[in-house]
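Here is a short walk through one chain, from its overall layout down to a handful of residues. Keep the viewer open while you read.

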Amino acid sequence: MAVSIEVLAGLAFLFSVGFLLQILGCALYNNWWPMLTGLMYIMLPMPCLFFGGNSSGFMSSEGGDWADAAKFLTGFSSVGSIAIPAILRHADLITGGAMWIEFTAFFILLTTVMIFQHVSQEDDY
């Protein structure tokens with residue numbers, strides 16, 4: 001049984017809103033420093049892809065040393081996605097509005113991933 005088209009359309013909409021907010025956080029304030037978080041979004045799934053293997057239950061408690069290292073690096077990248085706008089704001093490289101738009105974009109993208117994971121795990125049962 002596959003994921004329904006309505007769920008996929010909703011996830012695509014959420015993803016596009018998150019990505020739009022990511023770009024708006026830069027364009028509205030005419031400052032492209034917050035786009036550094038895009039680098040973290042690219043790096044975020046890499047440890048899971050490289051070290052996770054092909055199991056669908058990768059984030060469960062089982063796994064070897066490589067799986068634990070991948071979980072640590074994934075967590076490090078996700079914290080970096082939050083930390084980069086905060087550090088840029090602290091250094092006065094971006095405004096507070098850009099920082100909050102970046103945080104909102106991050107949480108929308110995180111929600112999208114969590115909903116997709118939940119729906120795809122329901123599909124396995």
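Where is serine 77 found? Serine 77 sits in helix 4, and we'll come back to it after a look at the whole chain. One thing to keep in mind throughout: this is a predicted model.

**The overall layout**

The secondary structure is quickly told: five helices and zero strands. Going along the sequence, the pattern reads α-α-α-α-α. The chain has 125 residues, and 28% of them count as buried. If you take the contacts between residues at least 6 apart in sequence, 64% of them join residues at least 24 apart.

**Helix 2 against helix 4**

Now for the first helix pair. Helix 2 covers residues 36-43 and helix 4 covers residues 65-90; the two pack at an angle of about 170 degrees, and their axes are 9 Å apart. An angle over 145 degrees counts as roughly antiparallel, so that is how helix 2 runs relative to helix 4.

Who meets whom here? On the helix 2 side the contact has Leu36, Thr37, Met40, Tyr41 and Met43, and on the helix 4 side Phe76, Ser77, Gly80, Ser81, Ile84 and Pro85. Sorted by type, the residues of this contact give seven nonpolar, four polar and no charged.

Back to serine 77, then. Is serine 77 buried or exposed? With a relative accessibility of 4%, serine 77 counts as buried, because the limit for that is under 20%. Leaving aside residues up to four places away in sequence, serine 77 touches Met40, Met43 and Leu44.

Helix 2 has its own buried residues: Thr37, Gly38 and Met40. These span an arc of only 155 degrees around the axis, so they lie on the same side of helix 2.

Just past this helix, proline 45 is in the loop between helix 2 and helix 3 (46-51). Proline 45 counts as partly exposed, with a relative accessibility of 37%. Proline 45 and leucine 73 are 28 residues apart along the chain, and their C-alpha atoms are separated by 9.3 Å.

**The nonpolar core**

Met40 turns up again here. The largest nonpolar core is made of seven residues, namely Met40, Ile84, Leu88, Ile94, Ala98, Met99 and Phe103. Helix 4 and helix 5 (96-124) each put in at least two residues of this core, with helix 5 giving the largest share, three residues. As a rule of thumb, nonpolar side chains in soluble globular proteins tend to be buried together.

Take Phe103 from that list: beyond residues up to four places away in sequence, its contacts include Ile82, Pro85 and Ala86. Pro85 is also one of the helix 4 residues that meet helix 2.

**Long-range partners of helix 1**

What about helix 1? Two of its residues are worth a click: leucine 11 has its place in helix 1, and so does glycine 18. At 9% relative accessibility, leucine 11 counts as buried, and glycine 18 is buried too, at 0%.

Leucine 11 touches Thr112, Ile115 and Phe116, setting aside residues up to four places away in sequence. With the same residues set aside, glycine 18 touches Ala105, Ile108 and Leu109. The table lists some C-alpha to C-alpha distances for pairs that are far apart in sequence.

| Pair | Separation in sequence | C-alpha to C-alpha |
|---|---|---|
| Leucine 11 and threonine 112 | 101 residues | 5.9 Å |
| Glycine 18 and leucine 109 | 91 residues | 5.5 Å |
| Proline 45 and leucine 73 | 28 residues | 9.3 Å |

**Two loop residues with positive phi**

Finally, a look at the backbone. Most residues other than glycine have a negative phi. Which way does asparagine 30 go, positive or negative? Asparagine 30 has a positive phi of about 50 degrees, although it is not a glycine. It lies in the loop between helix 1 (5-27) and helix 2, and asparagine 30 is exposed, with a relative accessible area of 67%.

Aspartate 92 is another case: its phi is near 60 degrees, a positive value in a residue other than glycine. You'll find aspartate 92 in the loop between helix 4 and helix 5. Aspartate 92 counts as exposed, at 59% relative accessibility.

Conventions
Residues are numbered from 1 along each chain as its sequence is written. This is a predicted model: local features need pLDDT of at least 70, side-chain atom pairs count only at pLDDT 80 or more; totals for chains, interfaces and linings use all residues. Side-chain values use heavy atoms; hydrogens and water are left out. Axes are lines fitted to C-alpha atoms, for helices over the stretch in contact, and angles run from 0 to 180 degrees between N-to-C directions. Angles under 35 degrees count as roughly parallel, over 145 as roughly antiparallel, 65 to 115 as roughly perpendicular and the rest as oblique. Contact means heavy atoms within 4.5 Å. Ala, Val, Leu, Ile, Met, Phe, Trp, Tyr, Cys and Pro count as nonpolar, Asp, Glu, Lys and Arg as charged, and the others, Gly among them, as polar. A nonpolar core is a set of buried Ala, Val, Leu, Ile, Met, Phe, Trp, Tyr and Cys residues joined through side-chain atoms within 4.5 Å. Buried means under 20% relative accessible area, exposed over 50%, partly exposed in between (1.4 Å probe, protein chains only). The arc is that of the directions from the helix axis to the C-beta atoms.
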